[in-house]
Amino acid sequence: MYTNMKKGFTALIVVIIVSAVLLTISVGSVLTLFTLRMERIDARNKAQSSSFAETCIEYGFLHIIQDSHYSIFSPEIIYLPNGSCSIISITENGNTRIVTATAVVSRSFTTISATLDISDINNPTVTNFQEI
């Protein structure tokens with residue numbers, strides 16, 4: 001009878017150890033998948049915020065081409081179908097205009113600065129476009 005109890009105790013310990021290992025693997029897998037999912041959502045939000053900021057830059061360029069002395073005195077918010085962006089500033093420097101815009105989607109934000117050369121207003125040229 002003592003031998004049967006010893007075998008039963010050993011079997012119980014093996015089952016507990018195997019269960020603990022499987023539980024650890026399961027929890028690790030769930031956490032890894034959750035992290036990957038959050039990274040994909042963050043990447044999508046970043047792409048969307050970049051797109052929104054670029055939209056504001058283009059909006060600023062459009063107004064500059066229509067009126068070469070177009071300026072703003074406070075951030076101009078542009079409402080889009082799925083969000084918004086803001087033109088933070090338009091700086092005039094001779095024949096160049098520097099437009100700075102930002103957009104935020106969830107926790108992802110993008111700020112872009114772009115320079116438009118309007119020496120030939122019929123053929124304006126973007127000379128610099130960068131995320132800052």
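Contact here means that heavy atoms lie within 4.5 Å of each other. The views below come from a predicted model, and each legend introduces one part of it.

**Figure 1. A serine of helix 1 and its contacts.** Let's start with S49, which sits in helix 1, the stretch covering residues 2–66. With a relative accessibility of 0%, S49 counts as buried, because buried means under 20% relative accessible area. Which residues does S49 touch, not counting those up to four places away in sequence? They are A103, V105, S108, F109 and T110.

**Figure 2. The open sheet of five strands.** Here 5 strands line up in the order 1-2-3-4-5 with antiparallel pairing. The edges of the sheet are taken by strand 1 (76–80) and strand 5 (125–131); each has a single partner strand, so one side of each is left without a neighbour in the sheet. On average, neighbouring strands of this sheet are turned by 25° against each other, direction ignored. As a bit of background, strands of a sheet pair through backbone hydrogen bonds, either parallel or antiparallel.

**Figure 3. Strand 2 beside strand 3.** This view picks out one pair of strands from the sheet. Strand 2 (residues 83–93) and strand 3 (residues 96–105) are joined in the antiparallel sense over 8 bridges. To find your way, look for T91, whose bridge partner in strand 3 is I98.

**Figure 4. The disulfide between C56 and C85.** A search of the whole structure turns up 1 disulfide. It is formed by C56 and C85, with their sulfur atoms 1.9 Å apart. What does this pair tie together? C56 belongs to helix 1 and C85 to strand 2, so the disulfide links parts that are 29 residues apart in sequence. The torsion about the S-S bond of C56 and C85 is about 90°, so this disulfide is right-handed. Both C56 and C85 are buried.

**Figure 5. The largest nonpolar core.** This core holds 21 residues, and those touching the most other members are I57, I64, C85, I90 and V99. At least two residues come from each of helix 1, strand 1, strand 2, strand 3 and strand 4 (108–117). Helix 1 gives the most, with 6 residues. In soluble globular proteins, nonpolar side chains tend to be buried together.

**Figure 6. The surroundings of V99.** We end with a closer look at V99, one of the core residues that touch the most other members. Leaving aside neighbours within four places in sequence, V99 is in contact with I57, F61, I64, I87, S89, I90, I112, S113 and A114.

Notes. Residues numbered from 1 in each chain as written. Predicted model: local features only at pLDDT ≥ 70, side-chain atom pairs only at ≥ 80, totals over all residues. Heavy atoms only, no water. Pairing = 2+ DSSP bridges. Helix = DSSP H or I, 4+ residues; strand = E, 2+ residues; numbered from the N terminus. Axes fitted to C-alpha atoms, helices over the stretch in contact; angles between N-to-C directions. Buried < 20%, exposed > 50% of the residue type's maximum accessible area, 1.4 Å probe, protein only. Disulfide = S-S within 2.5 Å. Core = buried A, V, L, I, M, F, W, Y, C linked by side-chain atoms within 4.5 Å.
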